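Student: Could you take one part of this structure and walk me through it slowly? I'd like a close look at a single sheet and what sits around it.

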Amino acid sequence: MDQLIIADRSFKSRLMVGTGKFASNEAMVAAMEGSGSEIVTVALRRVDVDNPRDSMLEHIDPARYLLLPNTSGARDAEEAIRLARIARAAGCDPWVKLEVTPDPYYLLPDPIETLKAAEVLVKEGFIVLPYINADPVLAKHLQEAGTATVMPLGAPIGTNKGVRTRDNIAIIIEQANVPVVVDAGLGAPSHAAEAMEMGADAVLVNTALAVARDPGAMGAAFKKGVEAGREAYLAGLGKQQDKAQASSPLTGFLRK
Amino acid sequence: MDIIFNGKPRELKAGTSIQELLDQLRLDCLQVVVEHNQNIIPRQRLAETVLEDGDVLEVIHFVGGG
């Protein structure tokens, strides 16, 4: 498959995976390995000194995976910027999945605060991958602010509903100069394939893998979906039509 | 003296440095990031930064996330 290039860094895989909600670190690693992913997201939280657990980072090989810290939990630009700086202080590459979700019910991203935070973080030298609603105008503003990608949602986080924002994502793909990563809501390999067939540059999946009976096998299934979708996009899909177009020659011998 | 540690009050001996507190809590400074009164403290300054009454400390680490 052709390579994905984000901020001058190239990746063989076009499938990014999240590390949340897995039943165990072993299940998380199985999903990462099955998926063939090279970019994995992580979150930042307070240390719980009353319930110490082993660090999940020990299970992620930094030579194999680019760690992409997110700013989940941030409700405004200020909190997101604070989280991004903390991630960088932890020694990560200055990549950040910018996520500002003030509403805990639908977890929809705040466009105004996301743009504000992106402007600051780009100036501070961060490689910013903003999670957004599938809004083509916002995607343009973010791209002009210097973000490395745009990450429109297919459906709200964790809903497994697929590419419900299809028409707007198509406009974003048509207009973008930066990679378009469809993030959130993809519940099945067919959803990932659909996004890739449309010309998305990559997808990000978490819940679908974490809740699978076999996360490793589901990771592998998504890998195939992403590859099939990308290859079909590059091969060139036929246009949809209303009238039937015969696949077999119509000149017959059965009737005059 | 009392500080606010990850949102909760915590009593400490006067003159405790951040590094000493991390050691008491068995936290590896390579695994966490420390914010002291909203300023990020680089690892090499954890030992020299002494806590004072009323300080607000956030000790953050990576967890799974999407």
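Tutor: E7(A), helix H4 (residues 136–145) of chain A and E8(A) form a β-α-β unit that is right-handed. Right-handed here means that, with the strands pointing away from you, the path from the first strand over the helix to the second runs clockwise. The letters come from DSSP runs numbered from the N terminus: helices are H or I runs of at least four residues, and strands are E runs of at least two. Before going on, keep in mind that this is a predicted model, where local features need pLDDT of at least 70, side-chain atom pairs count only at pLDDT 80 or more, and totals for chains, interfaces and linings use all residues. Residues are numbered from 1 along each chain as its sequence is written, while chains are lettered from A and ligands numbered from 1 in the order in which they are written.

Now for the sheet itself. It is open, has three strands in the order E6-E7-E8 (chain A), and its pairing is parallel. Two strands count as paired if DSSP finds at least two bridges between them. Strand E6 (95–98) and strand E8 (151–152) of chain A are the edges, each pairing on one side only. In general, strands of a sheet pair through backbone hydrogen bonds, either parallel or antiparallel.

Look at the E6 side next. E6(A) and strand E7 (residues 127–132) of chain A run parallel and are joined by four bridges. Within that pairing, Trp95(A) has Ile127(A) as its bridge partner, and Val96(A) stands opposite Val128(A). Helix H3 (residues 111–123) of chain A packs on the sheet and touches E6 and E7 of chain A, with its direction at about 175° to that of E7(A). Touching is about contact, meaning C-beta atoms, placed from the backbone, within 7 Å; the angle is between N-to-C directions on a scale from 0 to 180 degrees, using axes fitted to C-alpha atoms, for helices over the stretch in contact.

On the other side, E7(A) pairs with E8(A) in the parallel sense over two bridges. Here the bridge partner of Tyr131(A) is Met151(A).

So how covered is E7(A)? Six of its six residues are buried, which takes 20 or more other C-beta atoms within 10 Å of a residue's own (12 or fewer is exposed, in between is partly exposed, and C-beta atoms are placed from the backbone). Ile127(A), Leu129(A) and Tyr131(A) point one way, Val128(A), Pro130(A) and Ile132(A) point the other way, and all are buried. In a regular strand, side chains alternate between the two faces of the sheet. The chain also crosses from E6(A) through H3(A) to E7(A), again as a right-handed β-α-β crossover.

Let's step away from that sheet to where the chains meet. In total, 25 residues of chain A are in contact with 17 residues of chain B. On the chain A side, strand E4 (39–46) and helix H2 (77–89) are the elements that give two or more residues, and E4(A) has the largest share, with six residues. E4(A) also pairs with strand E5 (residues 56–64) of chain B, antiparallel, over five bridges. In that pairing, Arg45(A) has His61(B) as its bridge partner.

As for the partner, chain B has one helix and five strands, running β-β-α-β-β-β from the N terminus on.

Terms used
Contact = placed C-beta atoms within 7 Å.
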